[in-house]
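Dear colleague,

Please find below the structure that I am handing over to you. My notes on its contents follow.

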Protein chains: 2
Amino acid sequence: MFNEDIQTLAESLLEAARQRGLTITAAESCTGGLVMGALTAIAGSSDVVDRGFVTYTNEAKQQMLGVNIENLERFGAVSNAVAKEMAYGALANSMADIAVSITGIAGPGGGSDEKPVGTVWFAIAQLGEAPHAEERHFNDLDRDGVRNEAVKVALSLLLEAIAS
Amino acid sequence: MFNEDIQTLAESLLEAARQRGLTITAAESCTGGLVMGALTAIAGSSDVVDRGFVTYTNEAKQQMLGVNIENLERFGAVSNAVAKEMAYGALANSMADIAVSITGIAGPGGGSDEKPVGTVWFAIAQLGEAPHAEERHFNDLDRDGVRNEAVKVALSLLLEAIAS
């Protein structure tokens, strides 16, 4: 179901987390569960995967992750501030050691001049560290393409954070 | 990413829910986010998809969905009772009108004589109705195959419940 890049990344991430005894969670908006879907595609993932939050609506982001409504209104759901709050909220509302968040515009609708289709914010939160966020632009891709690339980046950011 | 059967089912389900003004949530264990992933693969799904719970661990089932630890211990996570509690918990902890749950053994490990690999329980919960659960056996399929079939059944059960 997932392409080879994603499978390889998921396997490397699970192995790195397992070696360090770390468990993982994700708060997903535009990827809609695919980051967790890719990790759980690998047999034996249950010792590393804690749980996942698919927070598609703003209400879900607030209620499941504690994202501040003022940040949603001021910066929008696809923003540095909300990505950080989502990752922090996933960590705080789970038993995992590390969390990734993904919030973006997969298209084809929903884009603007400021935030075109393909704009995705990611954040990583770890116990004892301030969350950090990164923005990526996946241009000229369709909805599936944006979501696939976003899954890859999310897994890569987790792997970097764990391996560093 | 998802095969044509799943895409067609997801589109039909979104259309049926949209016509009736209903929103959807899912509590996923063995499918690990793929039901939500399949629904959100369709552009415009955001008016129907509320949120998703990827409850891979027993702790996640208890903490996110309120599944009773006694049922987990007595019947196991892959059971009629836990499937019903997961669907009910997803409904109660979301703003959705209808919930599906999926809990099964995707393999290759984790099977037993009583519950072989490919055993999956599903439940549907709707406001004002008692949850109902169904068991399916997907024999002779690998992990990907079991998960794919489970996604299809979950979408079909939602569609049946909404269309009836």
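Are B:F122 and B:F138 buried or exposed? Both residues are buried, where buried means under 20% relative accessible area, exposed over 50% and partly exposed in between (1.4 Å probe, protein chains only).

This is a predicted model, in which local features need pLDDT of at least 70 and side-chain atom pairs count only at pLDDT 80 or more, while totals for chains, interfaces and linings use all residues. Residues are numbered from 1 along each chain as its sequence is written, chains are lettered from A and ligands numbered from 1 in the order in which they are written, and side-chain values use heavy atoms, with hydrogens and water left out.

Aromatic pairs

Over all chains, the search finds two aromatic pairs (ring centres of Phe, Tyr and Trp, the last by its six-membered ring, within 6.5 Å; planes under 30 degrees apart stacked, over 60 edge-to-face, the rest tilted). A:F122 and A:F138 pair edge-to-face, at 6.5 Å centre to centre and 85° between the planes. A:F122 has a relative accessible area of 0%, and A:F138 one of 10%. The rings of B:F122 and B:F138 lie with centres 6.5 Å apart and planes at 85°, so that pair is edge-to-face.

Nonpolar cores

The largest nonpolar core (buried Ala, Val, Leu, Ile, Met, Phe, Trp, Tyr and Cys joined through side-chain atoms within 4.5 Å) has 80 residues. Those with the most contacts inside it are A:I24, A:L155, B:I24 and B:L155. A second, separate core of 42 residues includes B:L65 and B:I105.

Yours sincerely
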